[in-house]
Amino acid sequence: MSRVSIYHNPRCSKSRQALALLEQQGDELDVIKYIDTPPDSATLSALLQQLGLSARELMRKGEDVYKELQLDDPDLSEAELVQAMVDYPRLIERPIVIRDGKAIIARPPERVLELYA
């Protein structure tokens, strides 16, 4: 049995669906409600590395705060974008699921099953 972590937003239907699929797999789950307890910049940078994504690729560009902070500015550094997600965790795409050192964004939720293939 593996240990699985999910960066979860209970208000998001896709995140709830991914969590339900994970619960069916029988692994021990660490449910991280990242809106309440956002990851720090080091944790978020490590997640980005596991995901193989840049900070901008992990951002929810439709969020009002993305536009308000003008995060589409190409001159912003990776560190500045990571800090924006730390400060405004709603910007983080969800859910992020980690199992056996592999991380994915579970959109659609059925993607969690890729971690079991």
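Let's start in the middle of the sheet: Ile98 has Ala103 as its bridge partner in strand S4. On another strand, Ser5 stands opposite this same residue, Ile98 of S3. Please keep in mind that you are looking at a predicted model. From Ile98 we can work outwards to the sheet, the helices and the nonpolar cores.

**The sheet**
- Four strands form an open sheet in the order S2-S1-S3-S4, and their pairing is mixed.
- Strand S2 (28-33) and S4 are the edge strands, each pairing on one side only.
- From one strand to the next, the twist averages 15°.
- In general, the strands of a sheet pair through backbone hydrogen bonds, either parallel or antiparallel.

**Strand S3 and its partners**
- S3 and S1 pair in the antiparallel sense, over four bridges.
- S3 and S4 also run antiparallel, and four bridges join them.
- Along this S3 and S4 pairing, Val97 stands opposite Ile104 of S4.
- Two residues lie between the strands in the hairpin of S3 and S4, where Asp100 takes a positive phi near 50°.
- Which way do the side chains of S3 point, and are they buried or exposed? Ile96 and Ile98 point one way, Val97 and Arg99 point the other way, and all are buried.

**Helices across the sheet**
- Helix H1 (residues 13-25) lies across strand S1 (3-8), S2 and S3, and runs at about 170° to S1.
- H2 lies across S1, S3 and S4, running at about 90° to S4.

**The nonpolar cores**
- The largest nonpolar core has 23 residues, and the members that touch the most others are Leu44, Leu58, Met59, Met85, Leu91 and Ile96.
- At least two residues of this core come from each of helix H2 (41-51), helix H3 (55-58), helix H4 (64-68), helix H5 (78-87), strand S3 (96-99) and strand S4 (102-105).
- H5 gives the largest share of this core, with five residues.
- Apart from this core lies another one, of eleven residues, including Ile6, Leu21, Leu22 and Leu115.

**A closer look at Leu91**
- Which residues does Leu91 touch, not counting those up to four places away in sequence? Leu91 touches Leu58, Met59, Arg60, Glu63, Val65, Tyr66, Leu71, Ala84 and Met85.
- Among these contacts of Leu91 are Leu58, Met59 and Met85, which, like Leu91, are among the core members that touch the most others.

Conventions: Residues are numbered from 1 along each chain as its sequence is written. This is a predicted model: local features need pLDDT of at least 70, side-chain atom pairs count only at pLDDT 80 or more; totals for chains, interfaces and linings use all residues. Side-chain values use heavy atoms; hydrogens and water are left out. A nonpolar core is a set of buried Ala, Val, Leu, Ile, Met, Phe, Trp, Tyr and Cys residues joined through side-chain atoms within 4.5 Å. Buried means under 20% relative accessible area, exposed over 50%, partly exposed in between (1.4 Å probe, protein chains only). Contact means heavy atoms within 4.5 Å. Two strands pair if DSSP finds at least two bridges between them. Axes are lines fitted to C-alpha atoms, for helices over the stretch in contact, and angles run from 0 to 180 degrees between N-to-C directions.
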